[in-house]
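Please open the structure in a viewer and keep the sequence panel visible. The tour proceeds by selection, with a short account of what is found at each stop.

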Amino acid sequence: AMWQSHTYTSTSMKKLLRSTWRQYYNVIANINLILRELETHRNVIVSESEYNLFKGELLALRAYLHFDLMRLFGVADWSGENAAKLTVPYVTEYSSKITPQRSYADTEQLLFADLNAAIKALKESDPLLLTGDNLTDFNNTVNLDGYWNNRNKHLNYYATLALAARIYQWKNDTATAAAYAQQVIDGALGKMVTWVDVDAQLIAATDDEKDWSFSTEHLFSLEITNLYNSASQYLFDISGIRYGICLSREVVDNLLFVRYDPVTGSQAGAEDLRGPAMQLRYGALGYCCYKLYHSSSYPYSFRNRMPMIKIAEMYYILAENYISLDQNTTALQMLDVVRKNRGVGNDFPVTANAENELMKEYYREFLCEGQLFYYMKH
């Protein structure tokens, strides 16, 4: 209720915000400690490839976390008069000394230094880019214990490119954001990630047979132990008792997932997996989102998965760039790619407003993931 009413000055809310701040910087401190030890004991890691993997992933994570802090606690526009304002501390050393705040302009340089160094290191080392004998050699030496498997649970090369797309989108450099997004689509789709199997979700006999978070599409995700138990008190109906957040029937049925459009004949709202067709269920006070559902018998590959970056976001970034170029039809085509892979049979009519539809797509796609808030702020 505090989040929904924007009661940020209450005692409880201040406690939550302080906890969020501390936990972010605790993770950053651990990253900086590992980076320091990585250099101090450089001789321990014989393989140049493994050294670059560690360094690339850690720098990418440091950029990811600072960017989240900057857009959560800071302004949406880093240019103009805001460029000289102070933003969150960008911490690059493991030290007891307090890191001073810097301007957005200076902090942005630190952010991109980490991001670009991460991309360079991962381009030289990520097994996603290896083939044939090179991949075999990697698995027989560096990856003998399997640590570097499951690349979408690491901040891998393509996820780092996707992070770059997200950051440039935030900066309103839509052309550069789109270029990075296209690299991700061209390199990762059909290889590292695949669209969720719509038919398999619709015919699944039980909840435990469904890939609720569309895990095959995650460019980067976290594996969180007991994610379901942590989320259930906020998201699900339990024995008819409403514990947490729900969406009203008016929003779902009349705006986001309209079952039938008499003008176009579209039945998109009845077909879309993100709506009542799968992920949303009507409970005591509204629709609950089951994206983070799982049980003890849920397949391991689906279990405890919190999506952080998904392939769908790359198409939305492309759409935003086409909107900025006044190419409404092409922007709608980018949105239709995602919609078709959610089970929607009809394309948008050419008369649809791509900017308005993009906002609704962010609502549909990012429930329970946190990205909608940032898009609205952007």
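The stops below cover helix packing, a strand pair, two glutamates and several loop residues.

The model is predicted, so local features require a pLDDT of at least 70 and side-chain atom pairs count only at pLDDT 80 or more, whereas totals for chains, interfaces and linings use all residues. Residues are numbered from 1 along each chain as its sequence is written, and side-chain values use heavy atoms, with hydrogens and water left out.

**Stop 1: α5 and α6**

Select residues 157-170, helix α5, together with residues 174-188, helix α6. Helices (H or I, at least four residues) and strands (E, at least two) are DSSP runs, numbered from the N terminus. The two helices pack at an angle of about 160°, with their axes 7 Å apart. Axes here are lines fitted to C-alpha atoms, for helices over the stretch in contact, and angles run from 0 to 180 degrees between N-to-C directions. The pair α5 and α6 is therefore roughly antiparallel; angles under 35 degrees count as roughly parallel, over 145 as roughly antiparallel, 65 to 115 as roughly perpendicular and the rest as oblique. The crossing of α5 past α6 is left-handed, a term used if the near helix is turned anticlockwise from the far one by less than a right angle, with clockwise giving right-handed.

Next, display the side chains at this contact (heavy atoms within 4.5 Å). On the α5 side they include Tyr 157, Leu 161 and Tyr 168, and on the α6 side Thr 176, Tyr 180 and Val 184. By class, the contact of α5 with α6 has 12 nonpolar, 4 polar and no charged residues. Ala, Val, Leu, Ile, Met, Phe, Trp, Tyr, Cys and Pro count as nonpolar, Asp, Glu, Lys and Arg as charged, and the others, Gly among them, as polar.

**Stop 2: from α6 to α11**

Keep α6 and add residues 311-324, helix α11. These helices pack at an angle of about 145°, with their axes 9 Å apart, and their crossing is left-handed. Among the residues that meet are Ala 178, Ala 181 and Ile 185 of α6, and Met 314, Leu 318 and Asn 321 of α11. The contact of α6 with α11 comprises 11 nonpolar, 4 polar and 1 charged residues.

**Stop 3: from α11 to α13**

Now add α13, residues 354-365. The axes of α11 and α13 come within 10 Å and cross at roughly 165°. This makes α11 roughly antiparallel to α13. Their crossing is left-handed. The contact includes Glu 313, Tyr 316 and Glu 320 of α11, and Glu 355, Leu 358 and Glu 361 of α13. How many residues of the contact of α11 with α13 are charged? There are 5 charged, 7 nonpolar and no polar residues.

Centre on Glu 361 in α13. Is Glu 361 buried or exposed? Glu 361 is buried, with a relative accessible area of 0%; buried means under 20%, exposed over 50% and partly exposed in between (1.4 Å probe, protein chains only). Setting aside residues up to four places away in sequence, Glu 361 touches Arg 274, Tyr 316, Leu 335, Val 338 and Arg 339.

**Stop 4: β1, β6 and Glu 217**

Select strand β6, residues 305-310, of which 6 of 6 residues are buried. Add β1, residues 218-223. The strands pair in the antiparallel sense over 5 bridges, pairing being assigned if DSSP finds at least two bridges. Pro 307 in β6 is the bridge partner of Ser 221.

Glu 217 lies in the loop between α7 (198-203) and β1. Glu 217 is buried, with a relative accessible area of 0%. Its contacts, not counting residues up to four places away in sequence, include Trp 195, Lys 310 and Arg 342.

**Stop 5: loop residues**

Asn 226, in the loop between β1 and α8 (227-235), has a positive phi of about 60° although it is not a glycine. Asn 226 is partly exposed, with a relative accessible area of 42%. The C-alpha atoms of Asn 226 and Ser 296 are separated by 9.8 Å, although the residues are 70 apart along the chain. Ser 296 sits in the loop between β5 (287-289) and β6, and is exposed at 73% relative accessible area.

Finally, select Cys 368, in the loop between α13 and α14 (371-377). Cys 368 has a positive phi of about 70°, yet is not a glycine. Cys 368 is partly exposed, with a relative accessible area of 25%.
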